[in-house]
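Welcome! Please take a moment to turn the model around on your screen, and then we can walk through it together.

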Amino acid sequence: MEGPTPVSALIHAATMVTAGVFLLIRCSNIIEYSSTALVVIVIVGALTAFFAATVGVVQNDIKKVIAYSTCSQLGYMVFACGISNYSTSLFHLMNHAYFKALLFLSAGSVIHAMADEQDFRKLGSLIRSIPFTYSMIVIGSLSLMGFPFLTGFYSKDAILELAYSKFTFDATFAHWLGTISAFFTAFYSFRLIYLTFITDTNAPQKNYVNAHESPINMWVPLLILSIGSIFVGYLFKDMFIGMGTTFFGNSIFVLDVNLIEAEFLNPFIKFTPVIFSLFGAGLSVYLYHLSSKSMLAFKTTQLGMKLYTFFNSKWHFDYIYNSFIVTPMLQFGNSVTYKLIDRGIIELLGPTGIARGLTNTSSFLSRIQSGFIYQYAFIFFIFITIFLTILGYKEYCNLSAELLLILPIAFYLYYHKKTI
């Protein structure tokens, strides 16, 4: 969903994400009684988080990278609902709103400073021109990747710990897929930071000459959101997901809560998402700063080109969707809905068919009114014959059959203007 940057910040932080996840949370008293529904929600959420993270790695538009991170974080929120931790899902939804709005508005600040340029391959070295915006994007990205003690850390790691402590196949699958997604999230976040702010300049000189920090009406919202991206997770964790909290009252229904097991997990399991995130961030900087030639050489190999094409084409979902859903539906709409129903049944039985039928009937009746007495007598004879046939069907069955045989011959003679 594309739009102006403030609109993107709104829909990705507080509208588009809120709708589906909030609906799942409010329907907890329904889906809690279906183990199949919960498993489906877990699997779909985990696959969504992984899918969007891999697609975000190969995007080059600064807003598209952040947009795919929204889709990835949405996957975390959904599979948190699938493991019956609705409060944690809502907590991550609230935390995500702060750092995602911060990232989008900071991206808008970059676009504003660089004459509406959104492709960060054409940017670079902006850390000197817009240092405040750079600081804001770093804070938002660290919170997004779940850096310890920032807002995103308290909800994202809680979701992964709760998934592992569920000790079921689907929840463990979601935990490890979410952990791998955290690696990709950190990778594309620092890829965006490095190519936009640190690497050598790639934009025209005129863009850098006019590059400037955002005015006060743009950087004050960034400052407020950055404070939320740092402190909100710590301040509200106990209220949202603390043991024994009554914040949600009876608005969320849960059959089984597994908060205690998550508190006493192996420390290695607890720190695994953070380790993956830090490794992804470090690998991104290493590949783009110290090993860019080897990465370019890999991209030009057959395997590298196939992987890049696969991820950049969004796992060919658009092709699959267009081939197996859109095209058959269009063909069905054209052949059945349009030709058979709209132009067929509806026109036959609707106003067009009625009007055409009345026109044809009146035209036929007008042709009958010829003024010749022998034709009127012939018509009179036909209708008397039909009337007698219907009236005396039982008594004059044989006669009726003979008359019915005569009628087609009579009509044939009439239309060929033969006299009786």
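Is alanine 101 buried or exposed? Keep in mind as we look that this is a predicted model. Alanine 101 has a relative accessible area of 10%, and because the cut-off for buried is under 20%, it counts as buried. You can find alanine 101 in helix H5. If we set aside its neighbours within four places in sequence, alanine 101 is in contact with Ala9, Ala13, His96 and Leu225. Threonine 5 is another residue to look for here: it is 96 residues away from alanine 101 along the chain, yet their C-alpha atoms are separated by 9.7 Å.

Stay on helix H5 for a moment, since histidine 92 lies there too. Histidine 92 is buried, with a relative accessibility of 0%. Again leaving aside neighbours within four places in sequence, histidine 92 is in contact with Gln73, Tyr76, Met77, Phe99, Ser155, Lys156 and Ile159.

Tyr76 also leads us to the next stop, as it is one of the residues that serine 181 touches. Serine 181 lies in helix H8 and is buried, at a relative accessible area of 0%. Not counting residues up to four places away in sequence, the other residues that serine 181 touches are Ala49, Phe50 and Ala53. Look closely at Phe50: its backbone nitrogen lies 3.2 Å from a polar atom of the serine 181 side chain.

Now let us step back to the nonpolar interior. The largest nonpolar core has 60 residues, and the members that touch the most others are Phe79, Val110 and Leu126. Two or more residues come from each of helix H3 (35-57), helix H4 (62-82), helix H5 (86-113), helix H6 (131-144), helix H7 (151-164), helix H8 (169-198) and helix H12 (267-289). Which helix gives the most to this core? That is H8, with 15 residues. To see the packing around one member, pick leucine 126: beyond four places in sequence, it touches Val110, Met114, Pro131, Thr196, Phe197 and Tyr208. There is also a second, separate core of 23 residues, which includes Ile25, Cys81, Phe91 and Phe153.

Helix H7 is a good one to follow from end to end. It has 14 residues and reaches 21 Å from its first C-alpha to its last, close to the 20 Å expected at 1.5 Å a residue. Of those 14 residues, 13 are buried, so H7 is largely enclosed by the rest of the structure.

Aromatic rings come next. A search of the whole structure finds 24 aromatic pairs. In one of them, the rings of phenylalanine 132 and tryptophan 219 have centres 5.6 Å apart and planes at 70°, so the pair is edge-to-face. This pair links distant parts of the chain, with phenylalanine 132 in helix H6 and tryptophan 219 in helix H10 (residues 216-241), 87 residues apart. Phenylalanine 132 is partly exposed, with a relative accessible area of 23%, and tryptophan 219 is partly exposed as well, at 29%. Another pair joins phenylalanine 240 and phenylalanine 247, whose ring centres are 5.0 Å apart and whose planes are at 40°, so this pair is tilted. Phenylalanine 240 is buried, with a relative accessible area of 7%, whereas phenylalanine 247 is partly exposed at 41%. Rings also gather in a cluster, whose members include Phe50, Phe183, Phe279, Tyr288, Phe310 and Trp315.

From the cluster, move along to methionine 305, which sits in helix H14 (residues 302-312). Methionine 305 is partly exposed, with a relative accessibility of 48%. Not counting residues up to four places away in sequence, it touches Lys299 and Thr300.

Our last stop is helix H17 (residues 373-391). Its 19 residues should span 27 Å at 1.5 Å a residue, and its end C-alpha atoms are indeed 27 Å apart. Where do the buried residues of H17 fall when you look down its axis? They lie within an arc of 120°, so they line one face of the helix. Those buried residues are Gln375, Phe378, Ile379, Ile382, Thr385 and Thr389. On the other side of H17, you will find Ile373, Phe380, Phe383, Phe387 and Leu391 exposed.

Definitions and conventions. Residues are numbered from 1 along each chain as its sequence is written. This is a predicted model: local features need pLDDT of at least 70, side-chain atom pairs count only at pLDDT 80 or more; totals for chains, interfaces and linings use all residues. Side-chain values use heavy atoms; hydrogens and water are left out. A nonpolar core is a set of buried Ala, Val, Leu, Ile, Met, Phe, Trp, Tyr and Cys residues joined through side-chain atoms within 4.5 Å. Buried means under 20% relative accessible area, exposed over 50%, partly exposed in between (1.4 Å probe, protein chains only). Helices (H or I, at least four residues) and strands (E, at least two) are DSSP runs, numbered from the N terminus. Contact means heavy atoms within 4.5 Å. Rings of Phe, Tyr and Trp (its six-membered ring) pair if their centres lie within 6.5 Å; planes under 30 degrees apart count as stacked, over 60 as edge-to-face and the rest as tilted. A polar contact is a pair of N or O atoms within 3.5 Å; within protein, one must be able to donate a hydrogen and the other to accept it, and residues adjacent in sequence count only if both atoms are side-chain atoms. The expected span of a helix is 1.5 Å times one less than its number of residues. The arc is that of the directions from the helix axis to the C-beta atoms.
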